[in-house]
Amino acid sequence: MTQVRVRFAPSPTGFLHIGGVRTALFNWLFARQQKGVFILRIEDTDQSRSIDESIQAIIAGMKWVGLDWDEGPYRQTERIDLYRSHALQLLEKGRAYWCVCKAEELDARRKEAEARGLSPKYDGRCRDRGLTNHAGAVALRFKAPQEGETVIDDLIKGKIVFDNNVQDDLIILRSNGYPTYNFSVVVDDALMNITHVVRGDDHLTNTPRQVPIFQALGFPVPQFGHLPMILGSDKSRLSKRHGATSIMAYKDMGYLPDAMLNYLVRLGWSHGDQEIFTRQELIEQFSWKKVQSSAAVFNPEKLLWVNAEYIKVSPPSQVAQALLPLLETVGLRDEVQAVSAGWLAQLVVLVKERAKTLVEMVDWVRPYFGQAVTCDEEAAEKFLTPAIAPILGKLLTRFEAFPAFSKQQWEEAFKQLVDEEGVKMGQLAQPVRVALTGRTASPGLFDVMEVLGRDRTLFRLRQGIERASRA
RNA sequence: GUCCCCAUCGUCUAGCCUGGCCUAGGACAUUGCCCUUUCAAGGCAGUAACACGGGUUCAAAUCCCGUUGGGGACACCA
C-alpha cells in the first residue's frame, strides 16, 4: 500500500474562507485517518492577484482551526522552472504547440462565438502550424485529445464520463512564461506524489482537462474527489453578501475553532444521527462514502447552536483561555490580571449555559469583575425601591452573621426570610439580583454569590440597599 | 449556447448502493407545555419533506428513463 498523500491548495486571494476550511478539513481528516501526509500548497501563479498578506492570512486561519500540515507551505512561484521544463517536455513529445493568437483576438472570437450561440472553445488555428520557434511573446498550448472520452471515478460522485471532443487546447504556458493553473496543478500533484486530489465541486470540469496532461507527461493519474459547494441562504454560491465568509471573522465573533470544524464537517458529511464529534471521532469515522454529493446551504443558526454546545462541554479552563483576549479588548485587562485562572474557569462555569459565543460570554461575565457593580438604571429603578430596602437590610444582617459563605446556609437563610416576610421569592430575589449583578437576568443567585465571594456579596448588597433607600 | 454535477421537513441530514423493517428517523429553527428566584440551560409534545411524470416489480424515498428546478464549468483567473 502506498502512503496516502493529499493536499490543500488555496490561491492567495484575500483570506481563508469557510469553503476552503472545509476542503482542507476533509483532506486533513483523510490524511490523519490513513496515517498519510497532508500538504499545504499555495497556488500563486497569477502575479496580478497574489499578495503576501493573503498567504499569511491562510496560514493564520489554518493554525487557528488547528489543521496542521506535514509539508509546505509550497509556493508555486518558487517552482516555475519545474513547470517550464515539463511544458517543454510536452512540446518535444508533440503534445503541445506554440500559439501566436493574441489575447485580445481570442477574447473577441470567444465573444463572437458566444453571441452566435456556439461553444466558446478555442478554434485550434495554431494547432497544426508547427511553429517551432517562439519569436516574441507567445503561449504554449496543450494538444488535448479530441476523440474518445475521459472517465474519472470520483470518490464522492462516482463514475463521470466526459467527451473529449468538447475539450479545449488549453494554454499551459502564458506568453509571460508563467504556467496556468490547470498545468501547474498537474505538475505539482504529480511531482508531490499526491494520491488523492480532493477539492471543491467547482473543479469537477477541470478534471477532464487535467487527466490527459498527467497521461501525456507519463505520470500516474491520482484519484479525484469533488466536494459539494457551500451555498448561501438563497442557494447561490456562498459569498460576502450572505454574511461573514472569512474563517477569522468567526474567531472575532466568538466562535470556538472546534465548533467551526464540527459544523463544517456536518455540512456534507454525516455519521448516523450524531451531531457532535471529537476530533478523534472524526478521524476514526470519516469516510468518503458518507460525504454528501449535493450542495449544502450554510446555516449560521445551526453553527451558533454547535458553538453553544462546545462552550457547554469544553473544559472550562480552555474556554477561559479563549475568552482572555476578548476580555482584554473590552478594557478588562487589569481586572483579568488580578484574578486567578481557576476563578476565571469558575466564572465560565457560571455563565456557559447562557452564552452562545465568546462575545456573548464577555457580556455575561462583566459584572463579576471589580468590587462595585454598574447598575442598569432601569433595573435599579424597578427593583431597588424604598419598599424593599428594609427587607434587604434584614437579609444583609443575616448574611453578615455568617463568618463564611456557604451556598446551602445562605440559601436557607434567604428562604426563611422570604417566609417570615410573607413575600414571594421573586420579590426579594430580583432586587438582590440587581444589587449583585446590576441586571435583571443572571445565573442562580447563590451561584453568583459563590463566585463573588462573601465580601463582595455583602459589599454590593449594602450598595444596593443604599440606592434603594435613596430612591 | 455547450458540457458536468445535484434533487428527502424552511435548513443540515438518516434511510437509497444491497427495493419490503418508512403510517420516512434525528438535529437546528419554530410553536406549546413542564421545570423555575430572573435569564438561560434542560425535559416533554407539536407543525413540517421523499420535486414532477412515466416505467420495472407482488412491492419504490430506494432501481431505470424523461421533465422541471437548482448549482458549477467553459480565460494567457485559480
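Q: A polar contact is a pair of N or O atoms within 3.5 Å. In this predicted model, how far is a base oxygen of RNA strand B from a polar backbone atom of G444?
A: The cut-off for a polar contact is 3.5 Å. The pair formed by the polar backbone atom of G444 and a base oxygen of RNA strand B satisfies it, with a separation of 3.4 Å.

Q: Which residue has a polar side-chain atom 2.8 Å from a phosphate oxygen of RNA strand B?
A: Two side chains may be considered here. That of N206 has an N or O atom 3.3 Å from a base nitrogen of RNA strand B, and this pair involves a base. The side chain that has a polar atom 2.8 Å from a phosphate oxygen of RNA strand B belongs to T45.

Q: What percentage of the atoms of RNA strand B within 4 Å of the protein belong to sugar or phosphate?
A: The atoms in question divide into two groups, sugar or phosphate on one side and bases on the other. Bases account for the rest once the sugar or phosphate share is taken, and that share is 74%.

Q: How many charged residues does the surface near RNA strand B have?
A: There are 67 residues around RNA strand B, and R174, T205, G268, R354 and S442 come nearest. Elements that each supply at least two residues of this surface include helix 4 (103-115), helix 5 (181-191) and helix 18 (425-437). By class, the surface has 20 nonpolar residues and 21 polar ones, while the number of charged residues is 26.

Q: Is Q210 buried or exposed?
A: Q210 is located in helix 6 (residues 207-217). Beyond its neighbours within four places in sequence, Q210 is in contact with Y181, N182, V185, V186, R199 and F224. The limit for burial is under 20% relative accessible area. Because its relative accessibility is 1%, Q210 counts as buried.

Q: How many of the 11 residues of helix 6 are buried?
A: The buried members of helix 6 are T207, P208, Q210, V211, P212, I213, F214, A216 and L217. Helix 6 is therefore largely enclosed by the rest of the structure, its buried residues numbering nine.

Q: Which helix gives the most to the largest nonpolar core?
A: The largest nonpolar core has 107 residues, and those with the most contacts inside it are F298, F399, F414 and V432. Nine residues of this core come from the helix that gives the most, residues 18-33, which is helix 1.

Terms used:
Residues numbered from 1 in each chain as written. Chains lettered and ligands numbered in written order. Predicted model: local features only at pLDDT ≥ 70, side-chain atom pairs only at ≥ 80, totals over all residues. Heavy atoms only, no water. Core = buried A, V, L, I, M, F, W, Y, C linked by side-chain atoms within 4.5 Å. Buried < 20%, exposed > 50% of the residue type's maximum accessible area, 1.4 Å probe, protein only. Helix = DSSP H or I, 4+ residues; strand = E, 2+ residues; numbered from the N terminus. Near = heavy atom within 4 Å. Polar contact = N/O pair within 3.5 Å; in protein donor to acceptor, adjacent residues only side chain to side chain. Nonpolar A, V, L, I, M, F, W, Y, C, P; charged D, E, K, R; others polar. Contact = heavy atoms within 4.5 Å.
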